[in-house]
Amino acid sequence: MILAPMAGITNTAFRRLCREHGGGVFVSEMVTSRALVERTPESMRLISHDDDEQIRSVQLYGVDPETVGKAVRMLVEEDHADHIDLNFGCPVAKVTRRGGGAALPWKLDLFTSIVQTAVREASKGGLPLTIKMRKGIDEDHLTYLEAGRIARDAGVAAVALHGRTANQFYSGQADWDAIARLREALPDVPVLGNGDIWSAEDAIAMVRQTGVDGVVIGRGCQGRPWLFGDLMNAFEGSDARHKPGMAEVSAAVYRHAELLVTRSTTKTRPCVTSASTWPGTSRATWWAEICAPSCPACPLLRCSANCWISLICQGSTPALTLRGLAAVQALPSAPHFLPVGWMHAP
């Protein structure tokens, strides 16, 4: 079980939140190889880990073999990581239009050079190096089978495939059949599946349908950090599942905010950093959506940006954010509403 690297999300706070609910490999946010080599403050923050993270996993992005090689060498020689992943799956336009991310495997020679260079540098420190990719640019430009073979021949420790193309972004359904074809094409290297895993049952279904060796969890754990506990139970044959009520959800939100506050470098709104690591009206919708089962009568959930969690998470200071979250933990798991002006009351 692997927590997929997600920009602005899989920081030390969120990784700890997930670790507190279950085991796995928890990958940091993607870091640009050039920025890391130049030791920019943000890149050094991105590769930071808590002392008790057993597997320090870092994902690198780059389009130049030499720079990627230098970044991997830095991670190895300075002992910043225990595992390195290369990003060939990012579908964001500002990345793909430069030929990077999910678009890069289309340039097979460049892809080969980057992977070979990275594997060579990682092997000097005995670090496993993996790749994560998509099916291709679009259905007319599929690259995953050839890229998978190249990566295997280069000596990667595993290959992860998100069953969508770059053009799909996150629309439609993940193509688990493509993941199965990659598994069949690469019988001699671990293959991991990614895409549309929202529950432990989804993970079990993917493994059965595709034969993959493991699963990579991305959006499915946003607002559901306990999914990793459910996955552990499922793979161990247990039917136990976490079904949180409102009090438990608010406690998890509080814990997330608390972790972000203690790690924040800002003095006002800890929830909004340069990496957009916490809600305002965006990340809070993770939690707002999870509240629906325990608060089905709440009309505010029609617009989660206005629900109680989102309002609290827009607190202007760490103290207000935590005070608001602490207050709702004492409320019963039943529908309730915030009176007009509640957030601005003394």
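**The whole chain**

The secondary structure of this predicted model comes to 14 helices and eight strands. Display the whole protein first, with its surface switched on. The accessible surface is about 15100 Å², and carbon and sulfur atoms hold 52% of that area. Of the 346 residues, 54% count as buried. Among the contacts with a separation of 6 or more, 68% join residues that are 24 or more positions apart.

**The nonpolar cores**

Next, hide the surface and select Leu60, Leu86, Phe88, Val115, Ile131 and Met133. These residues have the most contacts inside the largest nonpolar core, which has 66 residues. Centre the view on Leu60. Which residues does Leu60 contact, leaving aside its neighbours within four places in sequence? The list consists of Val31, Ser33, Leu36, Ala71, Val72, Leu75, Ile84, Asp85, Leu86 and Asn87. Another core, of eight residues, lies apart from this one; select Ile2, Ala4, Val25 and Val216, which are among its members. As general background, nonpolar side chains in soluble globular proteins tend to be buried together.

**Helix H1 and its partner H11**

Select residues 12-19, which form helix H1. Is this helix mostly covered or mostly uncovered? It is mostly covered, as seven of its eight residues are buried. The buried residues of H1 are Thr12, Ala13, Phe14, Arg15, Arg16, Leu17 and Cys18.

Now add residues 246-263, which form helix H11. H1 and H11 pack at an angle of about 140°, and their axes are 9 Å apart. The crossing of H1 and H11 is right-handed. To view the contact, show the side chains of Thr12, Ala13, Phe14, Arg16 and Leu17 in H1, together with those of Ala252, Arg255, His256, Leu259, Leu260 and Arg263 in H11. Sorted by class, this contact contains six nonpolar, two polar and three charged residues.

**Helices H7 and H8**

A second pair of helices comes next. Select H7 (residues 144-154) and H8 (residues 176-185). Their axes are 10 Å apart, and the two helices pack at an angle of about 35°. H7 and H8 also make a right-handed crossing. From H7, the residues Tyr144, Leu145, Gly148, Arg149 and Arg152 meet Ala178, Arg181, Leu182 and Ala185 from H8. The classes here are five nonpolar, one polar and three charged residues. A general point helps in viewing any such contact: an α-helix has 3.6 residues a turn, so residues three or four places apart point the same way.

**The loop before H8**

Stay with H8 and select the loop between strand S6 (158-162) and H8, where Gln173 has its place. Is Gln173 buried or exposed? Gln173 counts as exposed because its relative accessible area is 68%, and the cut-off for exposed is over 50%. Beyond residues up to four places away in sequence, Gln173 touches Gly163, Arg164, Gln168 and Asp196. Gln173 and Asp196 are 23 residues apart along the chain, and their C-alpha atoms are separated by 7.1 Å.

Phe169 lies in this loop between S6 and H8 as well. Phe169 is partly exposed, at 37% relative accessibility. Its phi is near 55°, a positive value in a residue other than glycine. In general, most residues other than glycine have a negative phi.

**A second positive phi**

Move to Asp79, in the loop between helix H4 (65-77) and strand S4 (83-88). Asp79 is not a glycine, yet its phi is positive, at about 55°. With a relative accessible area of 49%, Asp79 is partly exposed.

**From Ile197 to Gly214**

Select Ile197, in the loop between strand S7 (191-194) and helix H9 (200-210). Why does Ile197 count as buried? It does so because its relative accessibility is 4%, and buried means under 20%. Outside its neighbours within four places in sequence, Ile197 is in contact with Asp202, Ala203, Met206, Val215, Val216, Ile217, Gly220 and Leu227. From Ile197 to Cys221 there are 24 residues in sequence and 8.8 Å in space, C-alpha to C-alpha.

The last stop is Gly214, in strand S8 (residues 214-217). Gly214 is buried, with a relative accessible area of 12%. Not counting residues up to four places away in sequence, Gly214 touches Val191, Leu192 and Gly193. To finish, mark the C-alpha atoms of Gly214 and Ala203: these residues are 11 apart along the chain, with a separation of 8.7 Å between the two atoms.

Notes:
Residues numbered from 1 in each chain as written. Predicted model: local features only at pLDDT ≥ 70, side-chain atom pairs only at ≥ 80, totals over all residues. Heavy atoms only, no water. Core = buried A, V, L, I, M, F, W, Y, C linked by side-chain atoms within 4.5 Å. Buried < 20%, exposed > 50% of the residue type's maximum accessible area, 1.4 Å probe, protein only. Contact = heavy atoms within 4.5 Å. Axes fitted to C-alpha atoms, helices over the stretch in contact; angles between N-to-C directions. Helix = DSSP H or I, 4+ residues; strand = E, 2+ residues; numbered from the N terminus. Left-handed = near helix turned anticlockwise from the far one by under 90°. Nonpolar A, V, L, I, M, F, W, Y, C, P; charged D, E, K, R; others polar. Areas by Shrake-Rupley, 256 points an atom, 1.4 Å probe, with all protein chains shown as cover.
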